[in-house]
Amino acid sequence: MLPDVIGKPIVLLLGEVILAHAEWNALGKIAELRQVNHGTREQFLNDCRTGVYDGILAISRTYDSTQITGRFDQELIDVLPSSLKFVSHNGAGYDSIDAHACAARGISVSNTPGAVDACSADTAMFLILGALRRIHIPYTALRAGKWRGHMGLTHEPEGKTLGILGMGGIGKAVAQRALPFGLQLQYHNRSCVPEQMNLTGAKYVSFEELLQTSDVISVHLPLNASTRGLISYKEFSMMKTGVVLVNTARGPIVNEDALVQALEEGKVWGAGLDVHEHEPEIHPGLIANEHCVLLPHVGTATVETQRKMEVLVIENVRSALERGCLLTPVQETKKMTNGYGPPGKCC
């Protein structure tokens, strides 16, 4: 068993802190810091079952730690120590955590909204422009000594209608960046964005209208049961011929078999993807298609954003220890109480 330190709660880091070392080390003044940065899921499950992690109050979890523990699913959550009350996750998307199961166990979960907005939106614009200009063809032709290759004429953004699917922080940041390019903006969201928060004047439309009238569709939705496979054969059939599809959210939102077919039939002019349905495997039909701009899920891989994310994760842990709650709890655990901390100490 991990020995507790009198007066100090235990915090377990799953993975590595890359940039915010000073902030992480500073937590050592108020907590006993532990770390797991290697191993297998079976080993982690067994350690949980045999009491190795008993006494831990909070877990700080990196995105890459999934390679160690696997998904935080029901099986794993069931064997976590009863002392655990908080999981601070490094990532805006948290589909690798069963937040409902955590809530049922009295475990609060946080993510890093806001920290990823700018760089994710930058990546989306890069892919929008790259797909419109079919940049893959001249880029690879030049390196192969073939000058422009066979790219032909392409498209520019001005005057096109950009449909933003999901108008959260990233969607709003995309809208702000798209406006100077002359794109006409419309969006679909689970609810209409209040006028005072819609700084770009983007038009709210139904999901069906967005599919039918957009020249470019950019996906910015969380992955959950209702969005998995949301864009498939039926949805592609509803789109304009010559549409561009960009996805920087989560790969499984788009059925890639359907996307490949739409590309091959000419329904989709081009695609820009930073996320993939079966990461790290890439659909061979996408690899083979020159009209795709493909990235290996690197939208947030900047020094600036990674530091912001790490600092927010650590601030969530600090808030949990000092105030008994998380700064940025996910929706599923936002209103729950887990019995830790004095009454009224709520963020």
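These are my notes on one domain record, two nonpolar cores and a surface patch in a predicted model.

**Domain record.** I began with the UniProt record, an unreviewed entry, which lists residues 23–330 as "domain: D-isomer specific 2-hydroxyacid dehydrogenase catalytic". I then looked up the secondary structure over residues 23–330 and found 36% helix and 16% strand. The C-alpha atoms at the two ends of that stretch are 23 Å apart.

**Largest core.** Next I asked which residues have the most contacts inside the largest nonpolar core. They are I231, F236, L245 and L259, in a core of 27 residues. I noted the elements that give two or more residues to this core: the helices α9 (207–213) and α11 (256–264), and the strands β9 (216–219), β10 (243–247) and β11 (268–273). The most comes from α11, which gives five residues.

**Around I231.** I looked up the contacts of I231, leaving aside neighbours within four places in sequence. I231 is in contact with L165, V219, F236, M239, L245, I253, V254 and N255.

**Another core.** Apart from the largest core I found another, of 26 residues. C48, Y53, L76 and V79 are among them. I add a general remark: in soluble globular proteins, nonpolar side chains tend to be buried together.

**Surface patch.** Last, I turned to the surface, where I18, L19 and V303 make a nonpolar patch of about 280 Å². I18 is in the loop between β1 (10–14) and α1 (21–26). Is I18 buried or exposed? I18 counts as exposed because its relative accessibility is 56%, and the cut-off for exposed is over 50%.

Terms used: Residues are numbered from 1 along each chain as its sequence is written. This is a predicted model: local features need pLDDT of at least 70, side-chain atom pairs count only at pLDDT 80 or more; totals for chains, interfaces and linings use all residues. Side-chain values use heavy atoms; hydrogens and water are left out. UniProt positions are given in the numbering used here, feature names are shortened, and annotations may be inferred rather than shown by experiment. Helices (H or I, at least four residues) and strands (E, at least two) are DSSP runs, numbered from the N terminus. Patches are made of residues with over 30% relative accessible area and no salt bridge: like charges are joined within 9 Å, nonpolar side chains (Val, Leu, Ile, Met, Phe, Trp, Tyr) within 5 Å. Accessible areas come from the Shrake-Rupley method with a 1.4 Å probe; for residues, only the protein chains shown count as cover. A salt bridge is a side-chain nitrogen of Lys or Arg within 4 Å of a carboxyl oxygen of Asp or Glu. Buried means under 20% relative accessible area, exposed over 50%, partly exposed in between (1.4 Å probe, protein chains only). A nonpolar core is a set of buried Ala, Val, Leu, Ile, Met, Phe, Trp, Tyr and Cys residues joined through side-chain atoms within 4.5 Å. Contact means heavy atoms within 4.5 Å.
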